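The following questions ask how the terms used for a protein structure are justified. Each answer sets a value against the rule behind the term.

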Amino acid sequence: MLDKEAIKELLSSRFSNDIHTKLSEIPLPCELKDTFKAAKRIKEAIQNDELIAVVGDYDVDGIVSTAIMAEFLTDMSANFIIKIPNRFKDGYGLNEEIINELENATLIITVDNGISAIEAAKICKAKGIDLIITDHHMPLPTLPEAYAIINPKQANCPFPNIEICGAQVAWYLIGALKEVCELRNYDMAKFLDLLTLAIIADMMELRDLNRILVRLGLARINSSKRACFEAIKNYYNKEKFEFDDISFLIAPLINSAGRIDDATISYEFLRSRNLKEANGYLDKICEFNASRKAQEKALFESSQNDIDENEDIIVTWGNEWHEGVIGIVASRLAKKYKKPAIVFSIDGDKAKGSARSVGKFDILSLIASQESLLCGYGGHKGAAGIVIESANLNKFKTAINQSCFLQELYDFSTNDEILGQINPEAIDYELIEILEFFEPYGQKNPRPLFELKGAMVKSAKKIGKEESHLKIILQKDNKTLEAIFFNFDYLPKSGESIDILVTIAKNSFRGLIIPQLLIKEIIKQEQK
């Protein structure tokens, strides 16, 4: 049974292999292939007053990447334009139509995309446009013919084996530009608030370099002079943000514009020059977020109609399902059924899909094994995008559920975040402080999950507008504990003994901070 000292030791061991533990130790820009080649070309473009085009992406990482690059170019008084593709009109990444839009640009810089832009690179070359690609997605066997490619996953790149997001790649390029342009006093740390948003939203591993940046970045967000963060604080009536607020409040807001309408609105929000301007954009974004929630709820319900729970991989689809929310629905399905999920939206003879994995299972490799059936795909181990001919959906569903990759599924998706059985006497304010010390929690540093066995239910009350949550008072030995079970799937009776999986959070009430159990699962029900 775990006490506080054992919990501290177990959590400390997660970081035993971290190479970088201080900001002064993090990798340098020179460790990213082509960074200085790209920086010298951008310096030349700035000096010659060339028109530079920055092409981003419509998710949080792409929006933040664009905002970071735009802020640097503004600081340098550069001549530049930005283009964030519209999910519905432009599709993903750089293409011929977008290149034609960027009239008179002699240099295009992609951020958080471009590693698969083979055809677009050829068009740029034919038009005499230099293309600099900054990306972090997995490269295909053939790379685009670009002036420079900055991607830590490309061959012969000496960057350490750390998963970083697109915004971090852009930030490293600015680090090289600082050196090339001899900007000795340029403050690279001013971007940490935006970087933190991108790292968490793009579900990067919260270890090593990423852990350092996010811990520093949260402090930057709370002291940020950016109008966008002041507007969000006012909207949620918060004096300061916690790590979980980034995941559950801020990131979904920023994402919603690109999911429902146009991500450029979120970009403009992040770049707002004053509070009035920020509030104007935030009002629009909040409307998009409300619409996103409604559409997500409806689609989540529809998506479950044809699910075969005996299959290892959930694959479901529907005509003209909203492309902006299929990724969220895939995440919810993966969480509910505890197996990878792929959700497709059919539009005529093509279907666009979004995949989400569970545990450590590599969903991208599984999808790649069916490449012959696909029109295109890309992404990460945990999340991927797919395009397929609608006629091949059934074939794909069958093939992917018969793949030899599936022998690894249950090895990789085991719940390795359960630390063990907790001693109820250890659940106090000091334990909250220990758990907070090891934040932020996320990929590769999951929030500690504990077993609590034989807890007696003293009372269970439905709460929330739709009474979909439970507040439970538990007794274990001589300890009385308060627990919340969000979206409960079992209602225990008073006097019942239950075994539960819980995380531990802090509950502030009238200035008093007490531990609160968040129930993830009731793993055994036994009537006493």
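**Reasoning from values to terms**

In this predicted model, five strands form an open sheet with mixed pairing, in the order β6-β7-β8-β10-β9.

Q: What makes β6 and β9 the edge strands of this sheet?
A: Each of the two, β6 (314-319) and β9, pairs on one side only. They also stand at the two ends of the order β6-β7-β8-β10-β9.

Q: How are neighbouring strands of this sheet turned against each other?
A: On average the turn is 15°, with direction ignored.

Q: Which helices pack on the sheet, and what do they touch?
A: Helix α13 (residues 326-337) touches β6, β7 (341-347) and β8 (350-356), and its direction makes about 45° with that of β8. Helix α15 (residues 393-400) touches β6, β7, β8, β9 and β10, and its direction makes about 170° with that of β6.

Q: Why is the direction of α15 called roughly antiparallel to that of β6?
A: Angles over 145 degrees count as roughly antiparallel. The angle between α15 and β6 is about 170°, and therefore the term applies.

Q: How do you know that β9 and β10 pair?
A: Two strands pair if there are at least two bridges between them. Strand β9 (residues 374-379) and strand β10 (residues 383-389) have five bridges, in the antiparallel sense, so the condition is met. In β10, the bridge partner of G379 is A384, and that of G378 is G385. A hairpin of three residues joins β9 to β10.

Q: In what order do the strands of the parallel open sheet lie, and which are its edge strands?
A: Five strands lie in the order β2-β1-β3-β4-β5, and the pairing is parallel. The edge strands are β2 (80-83) and β5 (148-150), each of which pairs on one side only. Neighbouring strands of this sheet are turned by 15° against each other on average, direction ignored.

Q: What makes β4 and β5 a pair?
A: The rule asks for at least two bridges. Three bridges join strand β4 (residues 130-134) to β5, and the two run parallel; therefore they count as paired. For I133, the bridge partner in β5 is I149.

Q: Why are α6 and α8 called roughly perpendicular?
A: Angles from 65 to 115 degrees count as roughly perpendicular. The axes of α6 and helix α8 (residues 208-223) cross at roughly 85° and come within 13 Å, so the two helices are roughly perpendicular to each other. The contact is made by Q168, W171 and Y172 of α6 and by L209, N210 and L213 of α8. Its residues divide into four nonpolar, two polar and no charged.

Q: How is the lining of the second largest pocket divided by class?
A: It has 10 nonpolar, two polar and no charged residues. Among the lining residues are L23, S24, W171, Y172, G175 and L192. Gly counts as polar, and therefore G175 falls in the polar class. Helix α6 (residues 166-180) gives the largest share of the lining, three residues. About 240 Å³ of space lies in this pocket.

Q: What is noted about the backbone at N104, and where does N104 lie?
A: Phi of N104 is near 75°, a positive value in a residue other than glycine. N104 lies in the loop between α4 (96-101) and β3 (107-111).

Q: What is the form of the peptide bond from E439 to P440, and what is its omega?
A: The bond is cis, with omega near 5°. P440 lies in the loop between α17 (429-437) and β12 (449-463).

Conventions. Residues numbered from 1 in each chain as written. Predicted model: local features only at pLDDT ≥ 70, side-chain atom pairs only at ≥ 80, totals over all residues. Heavy atoms only, no water. Helix = DSSP H or I, 4+ residues; strand = E, 2+ residues; numbered from the N terminus. Axes fitted to C-alpha atoms, helices over the stretch in contact; angles between N-to-C directions. 1 Å grid on protein atoms, 1.4 Å probe; cavity = no way out; pocket = protein on both sides within 12 Å on 5 of 7 lines; lining within 4 Å. Points joined across faces, edges and corners; volume = space filled by probe spheres on them. Parallel < 35°, antiparallel > 145°, perpendicular 65-115°, else oblique. Contact = heavy atoms within 4.5 Å.
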